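Thank you all for coming. I would like to walk you slowly through one model this morning, so please have the sequence and the structure open in front of you.

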Amino acid sequence: MPKQSDTMTEKYNFGTWMTAHDLSLHPVGIETLWLNITRLCNQACHHCHLSASPEMPLHMSKAVMDACLSVIASNAAIRSVDITGGAPELHPGFEALVGAIRHLDKKVTVRHNLTVTLDGHPLTGESRTYLPEFFAANRVELLASMPAWEKDAADQIRGRGVFEKSLKSLRQLNAVGYGSRPELILKLVTNHDGPLSATKRVLLESRFHEVLGEYGIKFNDLLTVTNIPAGRYATDLQRTGGYDEYMNGLIQASDETAIKAATCRTLVSVGPDGRLYDCDFNLALDRGLNPDTSQTIFEFDYDRLINRTINFAGHCFACSAGAGSG
Ligand code: SF4
C-alpha cells in the first residue's frame, strides 16, 4: 500500500510532464548498486526522506548482504557500491561488508553523517571513533552530510550540537588524509529546500569552502540535494501548509537536462529486506520496481533490469528541478 507522502504526490503527474517535453527515459546501465542497510541512526533530521532515527533498528540481514555480494562479484558492469542508511556504520556487519566489496576491487562510497563517529551506537553506546582510520584504510569515498556552514542553521536542521560535532569529525577525517590525499575523497552533502540552479550551486560551494576553510576544514566537493517530498520532510510540509507551494516550485524549475542525469538511470537500490528500487527515494516511498523486471536481489538479472521501465511519480520533480538532486 502506498505511504501517505506517496499518495500526496500523485496529483502532480510526472508522466504528463515527461510527455509534454517529449521525454522517454530508460536506464543506461547499472554502474552502481546502492545498498540501504539500516534505518537506525543516531540522529533524526527533519529532512530525512527515510525517517531514520534511534528508534528504527531495522537492519539488512546477512542473507541479503551475501546476495548483494554475489551480484557485485558476478556483474562486471557494477563498478561501485554506495552504502547508506540510516547511519550505515551502525549495522553490525558494516565493516565486513566494506572489506568484502573492496576485496572484489570495487569502489565503495559511504553516506556518512559525521556525528556517528563521536556519538557511537544510540542503543548500546558502543564507540565508533575508529571510523576515520577504517575509512582511510579501505579507500572509502565519503559523502558526508553538512547541512549548512553556519552553526544555528545546521543545528536547527539536525539537532543541537551537531555543527560542532561535525567540525570535529571533519578535522579527524582531514587528519588521516581526507580532502588532501588524492585517493581519499571527501564530498560534503547539503540538502536544500527547493531547486537550486547550477550557478547558485557553484556560489554555495564556494561559500562552504571559504567558511569551513576558516575552521581549517578541507574537502573536495559540495553536492546539493533538493529535498524530496517524502517521509518526515513531506509530513512537515503538509503540517505547515507548504506542500503544494513546494511541489509547484519544483515543477516550475524543472528542465530536461536535470532529469536526464537522474541517478535511477545508472543504479539500482537494494532495501534492507532485499527488495529492489529505482532509487533510495522510491525505497522511502515503498515504490518497488515496475513488474516488468526482477523484484529482489535474489533474482537480480542485469539484462532485465536495464530494460525495465522506471517507476517515475510526482516526487521525481525534485530530480528534474534546477540542477537536479545531487
Ligand atoms: S526520484 Fe524519480 S527521477 Fe529521481 S532518481 Fe528516483 S525515480 Fe529517478
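I will start with the annotated domain, go on to one strand and its neighbours, and finish with the open and closed spaces.

Please keep in mind that this is a predicted model, in which local features need pLDDT of at least 70 and side-chain atom pairs count only at pLDDT 80 or more, while totals for chains, interfaces and linings use all residues. Residues are numbered from 1 along each chain as its sequence is written, and side-chain values use heavy atoms, with hydrogens and water left out.

An unreviewed UniProt entry places the feature "domain: Radical SAM core" at residues 36–178; such positions are given in the numbering used here, with shortened feature names, and the annotations may be inferred rather than shown by experiment. Over that stretch the chain is 39% helix and 12% strand, where helices (H or I, at least four residues) and strands (E, at least two) are DSSP runs numbered from the N terminus.

Now let us turn to strand S2 (80–84). Are the residues of S2 buried or exposed? Five of its five residues are buried, meaning under 20% relative accessible area with a 1.4 Å probe and protein chains only. In a regular strand the side chains alternate between the two faces of the sheet. In S2, Ser 80, Asp 82 and Thr 84 lie on one side and Val 81 and Ile 83 on the other, and both faces are covered.

S2 pairs in the parallel sense with S1 over five bridges, and two strands count as paired if DSSP finds at least two bridges between them. The chain travels from S1 through helix H3 (residues 62–74) to S2 in a right-handed β-α-β crossover, which is to say that, with the strands pointing away from the viewer, the path from the first strand over the helix to the second runs clockwise. S2 also pairs in the parallel sense with S3, over four bridges, and the crossover through helix H4 (residues 94–103) that leads from S2 to S3 is right-handed.

Finally, the spaces. The largest pocket holds about 950 Å³; a pocket is an open set of points on a 1 Å grid over the protein atoms alone, with protein on both sides within 12 Å along at least five of seven lines, and lining residues have an atom within 4 Å of a point. Grid points are joined across faces, edges and corners, and a volume is the space filled by probe spheres set on the points. Of its 42 lining residues, the closest to the centre include Trp 34 and Thr 84, and S3 gives the largest share, four residues.

Technical notes. 1 Å grid on protein atoms, 1.4 Å probe; cavity = no way out; pocket = protein on both sides within 12 Å on 5 of 7 lines; lining within 4 Å. Buried < 20%, exposed > 50% of the residue type's maximum accessible area, 1.4 Å probe, protein only.
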